[in-house]
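Hello,

Here is the structure I promised to pass on to you. Have a look at it first, and then read on for what turned up in it.

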Amino acid sequence: MDKLHEPLSCLEGCGLPLALEAMGERWSFMILRATFNGVRHFEDFLDQLGIARNILSNRLGRLVEAGILKREHCADDRRRIEYRLTAKGNDLLPAMLALRQWGEKWALGVPCNPVLCDARDGLPIAPITIRSHDDRIVGPGELVWRDAVDLAQTSTPGLRITA
């Protein structure tokens, strides 16, 4: 079978440009990171991130519009708004962790402190890897693009990214 190359000129058929459009830029990732760490309120984002008020307002609006965050009224004070991750937002966690691990390896040269651990046993999470349907770790040289029509004719599940 010839290797099928991803059609790089066809942007509408690729999830990467869509994901980058939804996330925008650095501040969106920092807001998402803060949300994964329990930050919920506008003023707390300002305090924790040191972001300008207008930029925060814009980025929160974009993340809500993209369905990554949702706005909810606080139960104890209906005038206050909380920003919470949606299922779509929670699905960004592996990508966020992969980027963090990449930055620790190639920019810092060491793991950050604190270290992200499994709540069950208290041990650090494994590096984010690409795994095949049978749970083997696969590297760049072991990947090929296949047409979705060809995959529909087989019962083999696709690749997944896991920690």
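D135 is partly exposed, with 40% of relative accessible area, and its place is in the loop between β3 and α7 (148-152). What caught my eye there is the backbone: phi of D135 is near 75°, a positive value in a residue other than glycine. Most residues other than glycine have a negative phi, and most peptide bonds are trans. The second half of that rule has an exception here too, as a cis peptide bond joins N113 and P114, with omega at about 10°. P114 belongs to the loop between α6 (93-108) and β3 (129-131). You may want to look at both spots on your screen.

Please keep in mind that this is a predicted model. The mean pLDDT of the protein chain is 86, and 86% of its residues reach 70 or more. Among the elements, helix α5 (residues 87-90) has the highest mean pLDDT, at 97, and strand β4 (residues 160-162) the lowest, at 58.

Now for the overall layout. The protein chain has seven helices and four strands, and from start to end they follow the pattern α-α-α-α-β-β-α-α-β-α-β. Of its 163 residues, 24% are buried. If you take the contacts between residues at least 6 apart in sequence, 49% join residues at least 24 apart.

On to the interior. In soluble globular proteins, nonpolar side chains tend to be buried together. The largest nonpolar core in this model has 21 residues, and those that touch the most other members are I31, F45, L49, I51, L56, L60 and L69. Helices α2 (26-36), α3 and α4 (53-65) and strand β2 each supply at least two residues of this core.

L60 is a good place to start looking at that core. This leucine sits in helix α4 and is buried, with a relative accessible area of 1%. Which residues does L60 touch, not counting those up to four places away in sequence? They are I31, F42, F45, L69 and Y83. The C-alpha atoms of L60 and R71 are 9.3 Å apart, with the two positions 11 residues apart in sequence.

Two of the partners of L60, F45 and Y83, also meet each other. They form an aromatic pair that is edge-to-face, with 6.3 Å from centre to centre and 70° between the planes. The count of aromatic pairs comes to one. F45 lies in helix α3 (residues 42-49) and Y83 in strand β2 (residues 81-85), so the pair ties together parts that are 38 residues apart in sequence. Are these two rings in buried or exposed residues? F45 is buried, with a relative accessible area of 0%, and Y83 also counts as buried, at 7%.

Another ring worth a look is that of W27: the charged end of R26 sits over it, 4.9 Å from the ring centre.

F36 gives a view of another set of contacts. This residue lies in helix α2 and is partly exposed, with a relative accessible area of 25%. Leaving out residues up to four places away in sequence, F36 touches L85, G89, N90, L92, L93 and M96. One of these partners, L93, is 57 residues from F36 in sequence, and their C-alpha atoms are 8.1 Å apart.

L92 also appears in a second long-range pair. The C-alpha atoms of A19 and L92 are separated by 9.6 Å, with the two residues 73 apart along the chain. A19 is found in helix α1 (residues 15-23) and counts as partly exposed, at 36% relative accessibility.

Last, the cysteines. A disulfide is a covalent bond between the sulfur atoms of two cysteines. How many disulfides does the structure hold? The number is zero. Two cysteines to look up are C112, which is partly exposed with a relative accessible area of 23%, and C117, which is partly exposed as well, at 33%.

That is what I have for you. If you go through the model in this order, you will pass the loops, then the core, and then the partners of F36 and A19.

Best wishes

Note on methods
Residues numbered from 1 in each chain as written. Predicted model: local features only at pLDDT ≥ 70, side-chain atom pairs only at ≥ 80, totals over all residues. Heavy atoms only, no water. Phe/Tyr/Trp six-rings, centres within 6.5 Å; stacked < 30°, edge-to-face > 60°. Buried < 20%, exposed > 50% of the residue type's maximum accessible area, 1.4 Å probe, protein only. Lys NZ or Arg CZ within 6 Å of the ring centre and 35° of its normal. pLDDT = per-residue confidence, 0-100. Disulfide = S-S within 2.5 Å. Core = buried A, V, L, I, M, F, W, Y, C linked by side-chain atoms within 4.5 Å. Contact = heavy atoms within 4.5 Å.
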